[in-house]
Amino acid sequence: MNAARSPLLLGLTGSPLGHSLSPRLHTAALAACGLAGEYALFPVPPLPEGAADLAVLIGRVRSGELRGLNVTIPHKRSVLPLLDALTPAAEAIGAVNTIYMEGNRLTGENTDAAGFWMDVKRCFDLAPAPGLVPPVDRSVPGERWLALLLGAGGGARAAAWALLQAGWEVRVSARQAGQAAALLREIGGDAEQVLAWPLEPAALDGWTPDLIVNATPLGMSPHSDASPWPERVPFPAGACIYDLVYNPRETLFVRRARAAGLRAETGLGMLVEQAARAFEIWTGCPPPRGALWTAVDP
Ligand code: NAP
């Protein structure tokens, strides 16, 4: 069989996978680009139980049987020892969500960072730098924009790396202060810029974040009555609010911020953009963004 004409096999591993929107996104992208193929789910339990299955699955990418593989919880870090190379984003963030062969090297990328950054720029048009690379000259006075991240897990690491690459100053509030400091230290930020959790009104004395990002699951369905932003803390005037949570489409955090007159968005666009980037890496096709949006937000 001519490999170039074989249907493209793409997929997602992790556990659980039942609620993932990735099959909808990539199936729509394949159709919109006129590519024959399939995006399959490969559930693999957490390590150590899933170790052998994960290695076999990754081997299917190395052999070319699978053109590309997305990786989600709990394997974004467990795949690292199985790969030959990491992109700068994956290396800095310490987690991979997209695997592919580049030449003869099995390569891991983290498209969450670019997905976050692309969507923040789309939503708020506030980025001082045109893209992730090259970074702006951080020594130029007045060039620094300020971001406050809530949470210090994988999503926060991707967002922090993207913001730092673009020359922003990043502060983190998380319930584990040590995890927040480690995030900043490991990703190239200032490990002193850790704020207490939950935020106190005084935490914002003397500075105003340009962007506030929720990178906790607070507010995610079915716990949609929760918010990472304490009611006793007034929203800073002029701040843009970005909630990585996208289910529900309007979280309580975003609803309250909008009611206070702020621009605020949930993270469906980040999900679309991280998929768009992965699809482009695997297929070389320009991502069909209209089809991707229609697939998840008809
Ligand atoms: P994660 O790695 O588990 O990190 C979650 C962070 O939130 C950790 O700092 C965690 O603290 C904190 N946290 C969890 N529950 C909390 C609570 N009840 N109160 C205070 N802090 C709490 O998760 P993640 O992968 O970063 O994902 C976070 C959210 O972003 C999820 O809702 C996820 O669906 C969403 N997300 C969206 C996209 C997108 O494309 N839009 C991409 C990535 C993630 P501990 O470490 O102490 O538990």
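## A buried leucine in helix 5

A residue counts as buried when its relative accessible area is under 20%. In this predicted model, Leu-163 comes out at 0%, so Leu-163 is buried. Leu-163 belongs to helix 5, the helix that runs over residues 154-165. If you want a partner to look at, try Leu-146: the two leucines sit 17 residues apart in sequence, and their C-alpha atoms are 9.2 Å apart in space.

## Around the ligand

Helix 5 is also a good way into the ligand site. Together with helix 8 (268-283), helix 5 is one of the elements that give two or more residues to the shell around the ligand. That shell holds 20 residues, and those that come nearest are Ala-152, Gly-154, Gly-155, Arg-175 and Gln-176. Sorted by class, the shell has 11 nonpolar residues, eight polar ones and one charged one.

Which pocket does the ligand take up? The space it fills is the largest pocket. As for polar contacts, let's go through the backbone. A polar backbone atom of Gly-154 is 2.9 Å from an oxygen atom of the ligand. For Leu-271, the distance from a polar backbone atom to a ligand oxygen is 3.3 Å. Gly-153 joins in too, with a polar backbone atom 3.5 Å from an oxygen of the ligand. How much of the ligand does the protein bury? On its own the ligand exposes 920 Å², and the protein buries 75% of that.

## Two glycines in loops

Gly-153, with its ligand contact at 3.5 Å, sits in the loop between strand 7 (146-150) and helix 5. Is Gly-153 buried or partly exposed? Its relative accessible area is 29%, so Gly-153 is partly exposed; the cut-offs for that class are 20% and 50%. Further along the chain there is Leu-183, 30 residues from Gly-153, and the C-alpha atoms of this pair are separated by 8.3 Å.

Gly-189 is another loop glycine, placed between helix 6 (177-187) and strand 9 (194-195). With a relative accessible area of 26%, Gly-189 is partly exposed. How far is Gly-189 from Glu-200 in space? The C-alpha to C-alpha distance is 22 Å, for a pair that is 11 residues apart in sequence.

## A histidine out of sight

Where is His-75 found? Look in the loop between strand 3 (68-71) and strand 4 (85-86). Despite the loop setting, His-75 has a relative accessible area of 0%, so His-75 is buried. The His-75 side chain has a contact to check as well: one of its polar atoms lies 2.9 Å from the backbone oxygen of Val-44.

## Cis peptide bonds

Finally, a couple of prolines deserve a click. The peptide bond from Ser-15 to Pro-16 is cis, and its omega is near 0°. Pro-16 lies in the loop that runs between strand 1 (8-14) and helix 1 (22-32).

The bond from Trp-197 to Pro-198 is cis as well, this one with omega near -10°. You'll find Pro-198 in the loop between strand 9 and strand 10 (211-214).

Conventions:
Residues numbered from 1 in each chain as written. Predicted model: local features only at pLDDT ≥ 70, side-chain atom pairs only at ≥ 80, totals over all residues. Heavy atoms only, no water. Near = heavy atom within 4 Å. Polar contact = N/O pair within 3.5 Å; in protein donor to acceptor, adjacent residues only side chain to side chain. Areas by Shrake-Rupley, 256 points an atom, 1.4 Å probe, with all protein chains shown as cover. 1 Å grid on protein atoms, 1.4 Å probe; cavity = no way out; pocket = protein on both sides within 12 Å on 5 of 7 lines; lining within 4 Å. Sits in = over half its atoms within 2 Å of the grid points. Helix = DSSP H or I, 4+ residues; strand = E, 2+ residues; numbered from the N terminus. Nonpolar A, V, L, I, M, F, W, Y, C, P; charged D, E, K, R; others polar. Buried < 20%, exposed > 50% of the residue type's maximum accessible area, 1.4 Å probe, protein only.
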